[in-house]
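Work through the following exercises with the sequence and the structure in view, and try each task before reading its solution.

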Number of protein chains: 2
Amino acid sequence: MKIVIAPDSFKGSLSAAQVCAAVEAGARRAVPGAELVSVPMADGGEGTLDCFVAARGGDLVEVAATDPVGRPVKAPYALSGDGRSAVVELAAASGLPLVEDVPPDPLGAGTSGTGELIADAVRRGARDVLVCIGGSASTDGGAGLLRALGVRFLDASGAALPPGGAALARLDAIDDSGVPDAVRAARFRVACDVTNPLVGPDGAAAVFGPQKGADPAQVRELDAALTRFADVLADRFGVRVHDLPGAGAAGGTCGGLVAVLGAEPSGGAQLVAEAVGLREALDGADLVITGEGRVDGQSAAGKVVSAVAALARDRAIPVVALAGGVVGPLDELHGLGLTAAFSIADGPRTLDALKAEAAPLLAGLAEQAVRLAATR
Amino acid sequence: MKIVIAPDSFKGSLSAAQVCAAVEAGARRAVPGAELVSVPMADGGEGTLDCFVAARGGDLVEVAATDPVGRPVKAPYALSGDGRSAVVELAAASGLPLVEDVPPDPLGAGTSGTGELIADAVRRGARDVLVCIGGSASTDGGAGLLRALGVRFLDASGAALPPGGAALARLDAIDDSGVPDAVRAARFRVACDVTNPLVGPDGAAAVFGPQKGADPAQVRELDAALTRFADVLADRFGVRVHDLPGAGAAGGTCGGLVAVLGAEPSGGAQLVAEAVGLREALDGADLVITGEGRVDGQSAAGKVVSAVAALARDRAIPVVALAGGVVGPLDELHGLGLTAAFSIADGPRTLDALKAEAAPLLAGLAEQAVRLAATR
């Protein structure tokens, strides 16, 4: 019996690797001779770099970069053991938490730090770069990121625009002649779990601007600037991202990456699954165990459990999700391929008690689930 | 797919029949075409009469009987549809709760009411009588019960002894010539889940006497009386019940039934399983779902889950227990044949919240368990 264990972390209690260890312990008690293959997973957010490093035998690389308001910041990204693949989290150098100590600067904040991490990865040989976006402090359409990769954003006088989203209102031309060949040759994928377009009432400025400190007038200003940005991108690269679902992610960063670098946006968990080699791990598996802190049937899209279930369904492998909490109805998840979901709760328990006992409870539950699955 | 549903009640929230209904709902969602066979179970205690009536198409029969201290009481027993089998609960006419309104009478309390129910059942044609004992108010070795069936307990002068355990100290002879042939022809089984002998430091008086109001001197008096009782039983019937495991159940009632009527003691859940026809229901089953309010791996003996697991194991059918709470380790239950156990808890919940939502939570859990079992 081959069992693949591919869970997300249980946020607030167990890392994905710890979840794997607990499930392994229970599965081993259930079927001592089983072949257990652990593939810790993530959804493009917290824990993604660790999963990638664990799966691909790589290392974290720490880079001196620029934070959203132009200050120096040390930020890590993950490079695979063979140096060919990298995972960059936008939040590492361009996240909102990095600027909580200064007054918000919704008009001027940028994403250059993330571009500096990508540039470093490409310089070291990465040709496949997964950019996990979300949680940005900026609404610059990814202009800062692209600038760090050699793209120049110019006004009508031919002068370079300053950082930040507001300046894009004066964008007249884009010069990408300075982009290194290595960057042009690289494949970029963008992990993005929102469907907002770049502009308009559901766009980056309108929906995410306020949480970055933009008042209504600034939201209007940023939306107009992003519209100008998208117009010029369409003229220059022939790609319209104004209304592209997901283009509005991370202050429009997704839109910029798609238009300029041909980046492919997709769900975070799905891209992480590819990056850590889950598809290959499933070869010959009889059972897949996934899980996360909370399986919610009504917000299943983009989660690890959904992505794992979809991959397993394609191969007709049963998939069981083990979770701190299970919130039904689960019909949609069953439709995606999830066989069954169980909570680690063994009776009445407080949240704190569940968290404190998460590892042994999970091991016990995994034992039960594997015993039942193994009857076939 | 044939699924047999054979749970105990979830005490304090769902009857066994309600548990069956919830599991059926979930199982039907999981495998719409499945053949579902519900056999509500009990362990010889609360709910046993209802299960028997449901399974055997019978009725409850209410009888005017005598309570432990000689007062009239109306008490029910269960008679099968064909009138050949009956289930009598000792607690119905001879239980401790019936005399909570009067001062305890540990020396004088008796079991005659239970004998009156049995006599009624035999009069109506019952030839197979399951007597579920436990919870008695008396320590009379079942003398009152036997007296109601025609047995006479005599002192040295040939006079009939008065009711109660203490009087057995003066027992000199037993006259069973007045026992009707129908009683002699009947098969008696005793559902009993303790292993205490009739007499001695682990016997009926020493262990259960105090909770019936006996002080230390009365415990010694009752133990001596039961010893005398057992001596005479051994002389008269050739059966020594002094040290028989279980003979001490219900103030020694089990001992008296074994010696005088050749009753066969066994675990309550096991006898109920036989009485409701669970063995036959398992024919051709692919999965058995059992359950109870709380599955405790360390006090598994005599419980419904253990009895159902043992029957299913004999036929290599997977058995899943669904419960309000699951308390490990479950190794012993797994050894008995239980495939897996899951709690209905879907995350952090208070006991009250679990009870209030027990039915829908149970349906949801059953759906998940059946989905997983059905992958084979």
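**Exercise 1: The surroundings of one lysine**

Leaving aside neighbours within four places in sequence, B:Lys11 is in contact with B:Asp43, B:Glu46, B:Gly293 and B:Lys355. The model is a predicted one, and the task is to describe where B:Lys11 is placed in chain B and to decide whether B:Lys11 is buried, partly exposed or exposed.

Solution. Begin with the place along the chain: B:Lys11 belongs to the loop that lies between strand 1 (2-5) and helix 1 (16-30) of chain B. Next, compare sequence with space, for B:Gly47 is 36 residues away from B:Lys11 in sequence, while the C-alpha atoms of the two are 9.6 Å apart. Finally, turn to accessibility: buried means under 20% and exposed means over 50%, and because B:Lys11 has a relative accessibility of 44%, this residue counts as partly exposed.

**Exercise 2: The domains of chain A**

State which residues make up each domain of chain A, and give the distance between the C-alpha centres of domain 1 of chain A and domain 2 of chain A.

Solution. First read the assignment, in which domain 1 of chain A is written as 2-41 + 281-374, whereas domain 2 is written as 48-269. Then take the C-alpha centres of these two domains of chain A, which lie 33 Å apart.

**Exercise 3: How the two chains meet**

Find how chain A can be laid on chain B, and describe the contact between chain A and chain B, including its buried area.

Solution. Start with the superposition: a turn of 180 degrees, with a shift of 0.1 Å along the axis, lays chain A on chain B with an RMSD of 0.1 Å. The two copies are therefore related as by a two-fold rotation axis. Then look at the surface used, where 100% of the interface residues of chain A are also interface residues in chain B, so the copies meet through the same surface.

Continue with the area, which is about 2300 Å² buried between chain A and chain B, with carbon and sulfur atoms giving 63% of it. In chain A, the residues that lose the most area to chain B are A:Phe342, A:Gln368 and A:Leu372, which together account for 26% of what that side buries.

Last, count the interactions: between chain A and chain B there are 0 salt bridges, but 15 residue pairs are in polar contact. Helix 15 of chain A gives the most to the side of chain A that touches chain B, with 7 residues.

Terms used: Residues are numbered from 1 along each chain as its sequence is written. Chains are lettered from A and ligands numbered from 1 in the order in which they are written. This is a predicted model: local features need pLDDT of at least 70, side-chain atom pairs count only at pLDDT 80 or more; totals for chains, interfaces and linings use all residues. Side-chain values use heavy atoms; hydrogens and water are left out. Domain bounds come from an automatic or database domain assignment. Helices (H or I, at least four residues) and strands (E, at least two) are DSSP runs, numbered from the N terminus. Buried means under 20% relative accessible area, exposed over 50%, partly exposed in between (1.4 Å probe, protein chains only). Contact means heavy atoms within 4.5 Å. Copies are superposed by least squares on the C-alpha atoms of residues with pLDDT of at least 70 in both. Buried area is the accessible area (1.4 Å probe) that two parts lose on being put together, summed over both. A salt bridge is a side-chain nitrogen of Lys or Arg within 4 Å of a carboxyl oxygen of Asp or Glu. A polar contact is a pair of N or O atoms within 3.5 Å; within protein, one must be able to donate a hydrogen and the other to accept it, and residues adjacent in sequence count only if both atoms are side-chain atoms.
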